[in-house]
Amino acid sequence: MEPHGTYRQRHGRSSLLIVTIVTIALRPGDANAAASCGDTCGAILTESIPEGMTFGAEFAPNPSTFTTWLNLMAAATRSLDIASFYWTLTNEDTGTREPSAAQGERILKELTALPQRGVAVRVAVSRPSRKFPLSDLEALEQSGAAVRVVDMPRLTGGVLHTKFWLVDGAHFYVGSANMDWRSLTQVKELGAAIYNCSCLAEDLGKIFEAYWALGVPGAAVPVPWPANYSTAFNAETPLALTLNGTTAAVFLSSSPPPLCAAGRTADLAAILGVIDAADKFIDVAVMSYLPTTEFSRPERFWPAIDTRLRAAAFERGVTVRLLAACWRHSRASMFPFLRSLAALADNRTGYTVEVRLFMVPSTAAQARIPYARVNHNKYMVTEKAAYIGTSNWSGDYFERTAGSALVVKQTGNGGGTVAEQLRGVFERDWSSGYSVDIGDAERWASVCGSRQP
């Protein structure tokens, strides 16, 4: 690959020099390849637990996002690709000396050292807005990393909301954590790290390469995408592999549909498929849940997911539990919809539907940290599958915004499967003192966001 040129994208007083590469090397893709893999893959759940939160000695902590990212960098020998929304690892956005930003600063320091070790670092990032500083991205570029801005507002009307790391074509992280110091110490996050899984990692690499191609100035979304972006692994033909010693069927989904090459399951279709296949229970933890659009104008009713959850409870008697986030930025319009969903269950219907709100506590000092102290999780688990995504559950995220998700179908008994581990996280949070029933408005109404829709 040879450098083609440079350009500057200005935001206020700062500017970011982006090196563009026009020749893209992809491994050959074959949409008709056998959906199987000889890799013996390992998977761990990884979490960020905000400072000050405790769950009791009976709950063994999952590895932290911070240590997981450090481990992935330590394992890197050839390449690291990161798809990201924004970068604020150094706390410049708040103008304070917040001690808990130290972990983010350590991550950035380690990232900028990778090119000196011969590791090729590429970053695809959503077009920065004025509220996000550019210093992290400038430091990355100065260290030798290649950075491309993906102009999603122009391409699809959304943002690049994806959050994943891909190391050496063999290991990866996907989850809710942004490249933000708060995502390590002040925001509750959940993701999955997959190790020694080249078949699946190569498939994730095709999603990254799509972002990378769209980061060239003036790029347009191909219709259709070239064949080498296509995949054989999807909801209908998942990749068969061994995961944590157990047979699993796995695929990666993506959004919005225009960014899905041939064979790729759209993220909304992945969610609906997991819901429709459930026979016993559906547990959902997501920051925001709205059967509407949020950012497009005019806002529209968007009941795609909500309808399927109601149908699961009504038609198949599935137990549905939804854990949404309560924080200062919660939209007031979310709560009537949550109460409506919970209202399916009463003494006469026999339906089992419960809705609770998760509230991250704050000290006075923590409350002053902007955009912190929230349960940012985006996952679902049933008796048949685990879904770990990067999108909130409202219409814009699936129609216009770039996101991705890992779907794992795995049978087992004893707590070793991804679904069993994810269910354990959900049960811990659901039964904790940070969880409040949606019917207990006296406890949550005064702290959950603005009173304006």
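Helices and strands are DSSP runs, helices of at least four residues and strands of at least two, numbered from the N terminus. The exercises below use these names on a predicted model.

**Exercise 1. Locate Arg373 and Asn196, and decide for each whether the residue is buried, partly exposed or exposed.**

Solution.
- Step 1. Arg373 sits in the loop that runs between α10 (364-367) and β17 (378-382).
- Step 2. Its phi is near 60 degrees, which is positive although the residue is not glycine.
- Step 3. For comparison with the usual case, most residues other than glycine have a negative phi.
- Step 4. Buried means under 20% relative accessible area. Arg373 has 4%, so Arg373 is buried.
- Step 5. Asn196 belongs to the loop between β11 (189-195) and α6 (198-214). Asn196 also has a positive phi, near 55 degrees.
- Step 6. The relative accessible area of Asn196 is 49%, so Asn196 is partly exposed.

**Exercise 2. Find which peptide bonds before Pro256 and Pro298 are cis or trans, and place both prolines.**

Solution.
- Step 1. Omega from Ser255 to Pro256 is near -10 degrees, and this bond is cis.
- Step 2. Pro256 lies in the loop between β13 (246-255) and α7 (267-277).
- Step 3. Between Arg297 and Pro298, omega is about 0 degrees, and the bond is cis.
- Step 4. Pro298 is in the loop between β14 (281-286) and α8 (304-316).
- Step 5. As background, most peptide bonds are trans.

**Exercise 3. Describe how α2 packs with α3.**

Solution.
- Step 1. Two packed helices are described by the angle between their axes and the distance between the axes.
- Step 2. The axes of α2 (residues 102-113) and α3 (residues 135-143) come within 8 Å and cross at roughly 25 degrees.
- Step 3. Angles under 35 degrees count as roughly parallel. The pair α2 and α3 is therefore roughly parallel.
- Step 4. On the α2 side, the contact is made by Leu108, Leu111 and Thr112; on the α3 side, by Asp136, Ala139, Leu140 and Ser143.
- Step 5. Sorted by class, this contact has 4 nonpolar, 2 polar and 1 charged residues.

**Exercise 4. Work out the surroundings of strand β14.**

Solution.
- Step 1. In β14, 6 of the 6 residues are buried, so the strand is largely enclosed by the rest of the structure.
- Step 2. In a regular strand the side chains alternate between the two faces of the sheet.
- Step 3. In β14, Phe281, Asp283 and Ala285 point one way, while Ile282, Val284 and Val286 point the other way; all are buried.
- Step 4. β14 is joined by 6 bridges to β15 (residues 319-326), and the two run parallel. Within this pair, Leu323 of β15 stands opposite Ala285.
- Step 5. β14 is also joined to β17, by 5 bridges, and here the strands run antiparallel. Lys378 in β17 is the bridge partner of Val286.
- Step 6. Together, β14, α8 and β15 make a right-handed β-α-β unit.

**Exercise 5. State where Ser183 lies, whether Ser183 counts as buried or exposed, and what Ser183 touches.**

Solution.
- Step 1. Ser183 is part of helix α5 (residues 182-185).
- Step 2. The relative accessibility of Ser183 is 2%, so Ser183 counts as buried.
- Step 3. Leaving aside residues up to four places away in sequence, Ser183 touches Ser48, Ala177, Asn178 and Glu189.

Conventions
Residues numbered from 1 in each chain as written. Predicted model: local features only at pLDDT ≥ 70, side-chain atom pairs only at ≥ 80, totals over all residues. Heavy atoms only, no water. Axes fitted to C-alpha atoms, helices over the stretch in contact; angles between N-to-C directions. Parallel < 35°, antiparallel > 145°, perpendicular 65-115°, else oblique. Contact = heavy atoms within 4.5 Å. Nonpolar A, V, L, I, M, F, W, Y, C, P; charged D, E, K, R; others polar. Buried < 20%, exposed > 50% of the residue type's maximum accessible area, 1.4 Å probe, protein only. Pairing = 2+ DSSP bridges. Right-handed = clockwise from strand over helix to strand, strands pointing away.
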